[in-house]
Amino acid sequence: MDYKGYIAECISKALNDDLDKVLGLLSVPPNENMGDVAFPCFSYAKQFRKAPAMIAQEVLERIKSDSDFDEKIIAKMEVAGGYLNFFLNRNEFISSVVSDVVEKGVDFARSDEGNNKKVIVEFSSPNIAKPFHIGHLFSTSLGNSIEKIYSYLGYDTVKINHLGDWGTQFGKLISAYKRWGVDEDILKDPINELLKIYVKFHQKAEENPSLEDEARMYFKKLEDGDEEIVRLWKFFVEVSMKEFSRVYNMLNISFDSYAGESFYQDKMPEVIEMLEEKGLLEDSEGARVVTFGDMPPCIIIKKDGTTIYATRDIAAAIYRKRHYDFHKNIYVVGLPQTLHFKQVFGVVDKMGFGWADDCVHVGFGTVRFPDKKLSTRHGDVVFLEDVLNESIAKTREIIENSSTTKEIENVDEVATKVGIGAILFTFLRNARERDIVFTWEDILDFEGESGPYVQYSYARGKSILRKAEEQNIEYRGAKLDVLDSQEEFALVKLIKDFPEAIRNAANKYEPSIVTRHIVDVAQAFNKFYNSCSILKAEEDVMKARLNIVEASCICIKTGLNLLGIEEVEKM
RNA sequence: GUGCCUAUAGCUCAGCAGGAUAGAGCAACGGCCUUCUAAGCCGUGGGUCAGGGGUUCGAAUCCCUUUAGGCACGCCA
């Protein structure tokens, strides 16, 4: 049942005004005892030359006298100031929402509005031969969640890990390797050892800038396919991927494609040719660029003849359009690259590809330390794997010290799911464009608006449902219209609103909207849990409440899963 | 210098296609475990929504401006 829609219909009939316009005006009163849905009449004052309150009163009367008016849906209407407030019939509302959710399960908010249209999500994209650090979790968690949200809404999604496996940095790495690399050490601890020589390169290059030229020379060799250099490059890629997949396994994240930058190596000449043909390339200080009227030029070929990341991104976009024929091509990449993507999409647009408008850069903030910025080049890194392990360890400790935790058969599994969920949750809680200041204290805070809080609410609910099952209580299909308390109503309203939150999150590429919503649901659930006894209630009420518990669990689980977080049955 | 972003409680943040008394969490203080998991719940205190103009019946929300931060602005990605 679409309650808002029904109310809008009543009003639009009474006012003889456009349904969508009325729907857009509907809001929620600031206070529960003022009603559930509010219709502000101010905007009609001029048109009708009447005071808003008077208009509200007239609308109220017309709706009431309409023969179609259904008192089973709207229990009461009230004029308050210039608002017409609607009170829903709680029994009816709770009953219909809860039975629907329980019947459909985790698919209750699913939709097919995506119509199987192809949506590409490029995310994570770590750099080969560099550590997978805490900063990478932003793109990784966001992209993973965005993909799940779109998939849930019926889109056909493709997850692409655009590996940073090409570029001048490899020239630097190879130069460093040739100078200081020791195979034995590298094989023992690849990423750390490669990082060490990479850092050393930057230190030495500060004193001796000619090292940069050497690095460029090696990258040129790599692009030209020099056998020895390519072999080295392959070695770096191989050892890095092994490390990365360990982290992806912990996070339970997978990809449909690992086509990174190197994949587009042989696809660039054609792009350059196309650009040349369309007369878009200009000479500028020895380089070949595409210029714009309203932003800085985009370099396509550097003066040493090699390509640059913009060239690869353009080639990648064209390849993806051909290969996937996407409806939408999403890049989950940090905010500092905003201009870069504007330029890349701008070039694609200039090439005459209308689908440039279907490419979207989803930016996000920076993970910072309280004092400084995270910088791989200086070697101050917090490894993601360390953070995850620390969080798991802390979770285990809490489980062991808890007086209320039930006996858990699979402590490791629970600690892993809760510990990792806590970290993911932290990254998906706030608007993505905000920076995250990393402190161990904050990231391991498991109280309040946190992943464990939400998982805990779920586990509490499931605990009750288990008990009901053990006692052979058959609550499914029970009469539900016996409930109308404030706590129950508030909780069910939030569950009812969940699908809209998901749609909202998709439109804004903002998983935090889902995160916030399930925190609200969990809060409402805990209030309900604390104020209404369930298994000890009178039979009708008990059975009805068990249905609310199940609906709450379904909603919370669905939300967590859309964030890439797993629920636990006990904790 | 040019462009983009941000500024809301002591701290971290919601709210921002304008709407009624600006909300959470953390921290502080005071309560609640003989009853379904206290990783919980209830309560108290805490605000010049950065400053100033404007639009509007109505502004944290829209426009202008000042200030303070951040980021980006060609051969890294």
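## Helices H5 and H21

Helix H5 and helix H21 are oblique to each other, because their angle falls outside the ranges for roughly parallel (under 35 degrees), roughly antiparallel (over 145) and roughly perpendicular (65 to 115). In this predicted model, H5 covers residues 90–104 and H21 covers residues 539–562, and the two pack at an angle of about 55° with their axes 9 Å apart; axes are lines fitted to C-alpha atoms, for helices over the stretch in contact, and angles run from 0 to 180 degrees between N-to-C directions. Helices (H or I, at least four residues) and strands (E, at least two) are DSSP runs, numbered from the N terminus.

In the contact of these helices, taken as heavy atoms within 4.5 Å, Ile94, Val98, Val101 and Val102 of H5 meet Asn547, Ile548, Glu550, Ala551 and Ile554 of H21. These contact residues divide into 7 nonpolar, 1 polar and 1 charged.

## Helices H20 and H21

H21 also packs with H20: their axes come within 9 Å and cross at roughly 155°, and the two helices are therefore roughly antiparallel to each other. On the H20 side, Val514, Ile518, Val521, Ala522, Phe525 and Phe528 take part, and among their partners in H21 are Arg545, Ile548, Val549 and Leu560. The residues of this contact divide into 11 nonpolar, 2 polar and 1 charged.

## The surface near RNA strand B

RNA strand B is surrounded by 65 residues, of which Tyr83, Lys302, Tyr309, Arg434 and Tyr456 are the closest; a residue is near the strand if one of its heavy atoms lies within 4 Å of it. Of the strand atoms within 4 Å of the protein, 61% belong to sugar or phosphate, and the rest belong to bases. The residues of this surface divide into 30 nonpolar, 15 polar and 20 charged.

A polar side-chain atom of tyrosine 309 lies 2.3 Å from a base nitrogen of RNA strand B, and a backbone N or O atom of glutamate 285 lies 2.7 Å from a base nitrogen. For arginine 516, a polar side-chain atom lies 2.6 Å from a sugar or linking oxygen of the strand. Elements that give two or more residues to this surface include strand S3 (83–88), helix H13 (309–324) and helix H20 (512–531), while H18 gives the most, with 8 residues.

## Basis of the values

Residues are numbered from 1 along each chain as its sequence is written, and chains are lettered from A and ligands numbered from 1 in the order in which they are written. Local features need pLDDT of at least 70, side-chain atom pairs count only at pLDDT 80 or more, and totals for chains, interfaces and linings use all residues, while side-chain values use heavy atoms, with hydrogens and water left out.

Technical notes. Ala, Val, Leu, Ile, Met, Phe, Trp, Tyr, Cys and Pro count as nonpolar, Asp, Glu, Lys and Arg as charged, and the others, Gly among them, as polar. A polar contact is a pair of N or O atoms within 3.5 Å; within protein, one must be able to donate a hydrogen and the other to accept it, and residues adjacent in sequence count only if both atoms are side-chain atoms.
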